[in-house]
Amino acid sequence: LGDYNEGWKLYEWRWKWSEQEKFFRNFKQPLWLGEQSISDKTLLIHAEQGLGDAIQFCRYAPMAEAMGAKIVLEVPKALTSLISTLKGNFTIVEKGSSLPYFDLQCPMMSLPLAFKTTVETIPAEIAYLYADEEKKKLWHKKLGSKTKPRIGLAWSGLTIHKNDLNRSISLKQLEPILQLPFEFHSLQKDIRAEDAKTLTHFNQIHLHQDELIDFSDTAALVNELDVIISVDTSVAHLAGALGKTVWILLPFAPDYRWMLDRNDSPWYPNATLFRQPKIDDWNTVISAVINQLRQYK
């Protein structure tokens, strides 16, 4: 609903929820939620929840640094190279490694509360993450000269995600899109067994899963594409943070960050949202994407 003043405060209740409390970090250093000055302090910002969440909310680190703090960013291994492109003088630590000294700590998804973020004050300067220059050259050479628009596709997230059934789709459901005269590239790191069978019938989609080692590889591939079409998974956030045109396919009951009744996102000005008009109605979403693609030059 966009009631962020109340929403971020209530979001702190997640640590009392049985599904999330196992991720609680019991640091001896105090929790920082914006109340005290962090000038000349070292603040640990630690990633929580999914990879897409870290990509979305790492944007706050430069804001904390601007308040005079030295920032330590702890992120999963798959994100260390990508997050290192964030503008700022940060110490980046792979999750699971020993941490340097710090005075205060803040879970990454508590940063909007610390900065009293409203819909109107969302920090949405895009791009804030960047593809590695050498890897960009490698993908440019690999893909060769472009003869038609290049479309990146991400149709499923992690199977262990509690909302996977609601947010992921099968590759078979994208078949009408794949009939269009574009050059298609899979951005899937993992391909499910049923999708692997479907792929035997599709030769119009280029696969790259063996070359996508971490998100810096995916970022460099995304840089070479024109439009990214993704369900609500980390690839959508990656494309958004890189400033690429991204079309996000959303279920009828979406995650809170996508809000309701709008086809744009204040978090990613470069995103267009395609929403299910009713539960499990992906056909209407796919039809809307096809209509949009037909207008794309």
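In what order do the four strands of the open sheet line up, and is the pairing parallel or antiparallel?

**View 1. The open sheet, strand by strand.** In this predicted model, the order runs β3-β2-β1-β4, and the four strands pair in parallel. At the edges sit β3, residues 91-94, and β4, residues 104-107, each with pairing on one side only. Going from one strand to the next, the twist averages 20°.

**View 2. Where β1 meets β4.** Zooming in on this pair, β1 covers residues 42-46 and joins β4 through four bridges, in the parallel sense. Look for isoleucine 45: the residue standing opposite in β4 is cysteine 106. As β4 is an edge strand, it pairs on one side only.

**View 3. Cysteine 106, tucked away in β4.** This is the cysteine that stands opposite isoleucine 45. Is cysteine 106 buried or exposed? Cysteine 106 is buried, at a relative accessible area of 0%.

**View 4. Cysteine 58 and the missing bond.** Cysteine 58 is buried too, with a relative accessible area of 1%. Why is there no bond from its sulfur to another cysteine? The closest cysteine sulfur belongs to cysteine 106 and lies 14 Å off, so it is too far for a bond. For scale, the cut-off for a disulfide is a pair of cysteine sulfur atoms within 2.5 Å. Turn it around and cysteine 106 tells a matching story: its nearest cysteine sulfur is that of cysteine 58, 14 Å away, and cysteine 106 is in no disulfide. Searching the whole structure turns up zero disulfides.

How values were computed
Residues are numbered from 1 along each chain as its sequence is written. This is a predicted model: local features need pLDDT of at least 70, side-chain atom pairs count only at pLDDT 80 or more; totals for chains, interfaces and linings use all residues. Side-chain values use heavy atoms; hydrogens and water are left out. Buried means under 20% relative accessible area, exposed over 50%, partly exposed in between (1.4 Å probe, protein chains only). Two strands pair if DSSP finds at least two bridges between them. Helices (H or I, at least four residues) and strands (E, at least two) are DSSP runs, numbered from the N terminus. Axes are lines fitted to C-alpha atoms, for helices over the stretch in contact, and angles run from 0 to 180 degrees between N-to-C directions.
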